[in-house]
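Biologist: Got a minute to walk me through this model? I'd like to go through it piece by piece.
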Amino acid sequence: MSRRVRLEGLTVGYGGTAVLERTDLDLPAGSFTALLGPSGCGKSTVLNAVAGFVRPAAGRVTAGSEPVRGPGPDRGVVFQHYALFPWRTARGNVEFALKRLGLPRAERRRRALAALAEVGLSEGAQKYPAQLSGGMQQRVALARALAAEPEVLLMDEPFGALDSLTRTRMQTLLRELWQRRGTTVLFVTHDIDEALALAERVVVLGGSPGRVLADHPVPAGPPDPDLRSLIARHLGAE
């Protein structure tokens, strides 16, 4: 289950200063797009606009045929900082996020356990965040987003705080989940190698206010060093 997302002339400002200006972006249903760029270029602003956390100053965002007017269960969000309740178990954290859907308790439990199993954390369902490693906590955060069965998955540098080995494992898990579910994914990162390893398309943002500098499809197979160099040049030009 997936949904097309479109940004049309999106402009967002804070305190009278534009941080993103007249940005157009089309994310086809079921696609995996990496949004790449340096800090402060508007990557997180794009993601927050799609999530419904910020309102455009101009332009619009649509998910499917509906304009985005606020957060909704059709769009799941995973942040770099896990934002787990320390007093709830892994299962409890996932179940709590499902309360907004108005599901019966038994269905919330079923979905929570299924989502934790999908991210390989069945055995940690009854553990508290302090008993879990950083990678495990991020799996809980991912399960929490997936349990609502969103049509769009928004991820804001979710693996940035993980060590290299754990990060690679989480990237592999994410690719497998995307291929299995077919959810539309928008993945924000500042790491070129991560973008090329994960996505089927890389959109480069830059400038102040932010704007799209380049939009590249990522060929299947091993990373293309020429494409990596080209994207690095886009970033170096800013």
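Biologist: Let's start with Thr172: is it buried, partly exposed or exposed?
Modeller: First off, keep in mind that this is a predicted model. Thr172 has a relative accessible area of 42%, so it counts as partly exposed.

Biologist: Where is Thr172 found?
Modeller: Thr172 is in helix H5.

Biologist: And how far is Thr172 from Leu198 in space?
Modeller: Their C-alpha atoms are separated by 8.1 Å, with the two positions 26 residues apart along the chain counted as their separation.

Biologist: Staying on that helix, is Gln179 buried or exposed?
Modeller: Gln179, which also lies in H5, counts as exposed because its relative accessibility is 52% and the cut-off for exposed is over 50%.

Biologist: How far apart are Gln179 and Phe32, in sequence and in space?
Modeller: In sequence they are 147 residues apart, and in space 9.6 Å, going C-alpha to C-alpha.

Biologist: OK, switching to H4. How many of its residues are buried?
Modeller: H4 is mostly covered, with 12 of its 14 residues buried. Among them are Gly135, Gln137, Arg139, Val140, Leu142, Arg144 and Leu146.

Biologist: What covers those buried residues?
Modeller: The cover includes two strands, S6 (75–79) and S7 (152–156), along with helices H2, H3 and H5 (164–181).

Biologist: What span should H4 have for its number of residues?
Modeller: H4 runs over residues 134–147, and at 1.5 Å a residue its 14 residues should span 20 Å. The C-alpha atoms at its ends are 20 Å apart, so that agrees.

Biologist: What happens just after H4?
Modeller: Glu149 comes there, with a positive phi of about 55°. Glu149 sits in the loop between H4 and S7. Its relative accessible area is 37%, so Glu149 is partly exposed.

Biologist: Why point out a positive phi?
Modeller: Because most residues other than glycine have a negative phi. Glu149 is a residue other than glycine, and its phi is positive.

Biologist: Which residue in strand S2 has that kind of phi too?
Modeller: Arg22 has a positive phi of about 45° although it is not a glycine. Arg22 lies in S2, which covers residues 17–27.

Biologist: Is Arg22 buried or exposed?
Modeller: Arg22 has a relative accessible area of 61%, so it is exposed.

Biologist: While we're on backbone oddities, what's up with the peptide bond from Ser208 to Pro209?
Modeller: That one is cis, with omega near 5°. Most peptide bonds are trans. Pro209 is found in the loop between strand S9 (201–206) and strand S10 (211–217).

Biologist: Back to helices. How do H3 and H4 cross?
Modeller: Their axes come within 8 Å and cross at roughly 130°. That angle makes H3 oblique to H4. H3 passes H4 in a right-handed crossing.

Biologist: Which residues make the contact?
Modeller: From H3 you have Arg111, Ala115, Leu116 and Glu118, and from H4 there are Val140, Ala143, Leu146 and Ala147. Six of the contact residues are nonpolar and two are charged, with no polar ones.

Biologist: And what about H2 against H3, at what angle do they cross?
Modeller: The axes of H2 (residues 90–98) and H3 (residues 105–118) cross at roughly 125° and come within 9 Å. H2 and H3 are therefore oblique to each other, and H2 passes H3 in a right-handed crossing.

Biologist: Who meets whom there?
Modeller: On the H2 side it's Ala90, Arg91, Val94, Glu95 and Leu98. They meet Arg108, Arg109, Arg111, Ala112, Leu113 and Leu116 in H3. The residues of this contact divide into six nonpolar, five charged and no polar.

Biologist: Take Arg91 in H2. Is it buried or exposed?
Modeller: Arg91 is buried, because its relative accessible area is 17% and the cut-off for buried is under 20%.

Biologist: Which residues does Arg91 touch, leaving out those up to four places away in sequence?
Modeller: Arg91 touches Arg109, Ala112, Leu113, Leu116, Ala125 and Gln126. Of those, Arg109, Ala112, Leu113 and Leu116 are among the H3 residues that meet H2.

Conventions: Residues are numbered from 1 along each chain as its sequence is written. This is a predicted model: local features need pLDDT of at least 70, side-chain atom pairs count only at pLDDT 80 or more; totals for chains, interfaces and linings use all residues. Side-chain values use heavy atoms; hydrogens and water are left out. Axes are lines fitted to C-alpha atoms, for helices over the stretch in contact, and angles run from 0 to 180 degrees between N-to-C directions. Helices (H or I, at least four residues) and strands (E, at least two) are DSSP runs, numbered from the N terminus. Angles under 35 degrees count as roughly parallel, over 145 as roughly antiparallel, 65 to 115 as roughly perpendicular and the rest as oblique. A crossing is left-handed if the near helix is turned anticlockwise from the far one by less than a right angle, and right-handed if clockwise. Contact means heavy atoms within 4.5 Å. Ala, Val, Leu, Ile, Met, Phe, Trp, Tyr, Cys and Pro count as nonpolar, Asp, Glu, Lys and Arg as charged, and the others, Gly among them, as polar. The expected span of a helix is 1.5 Å times one less than its number of residues. Buried means under 20% relative accessible area, exposed over 50%, partly exposed in between (1.4 Å probe, protein chains only).
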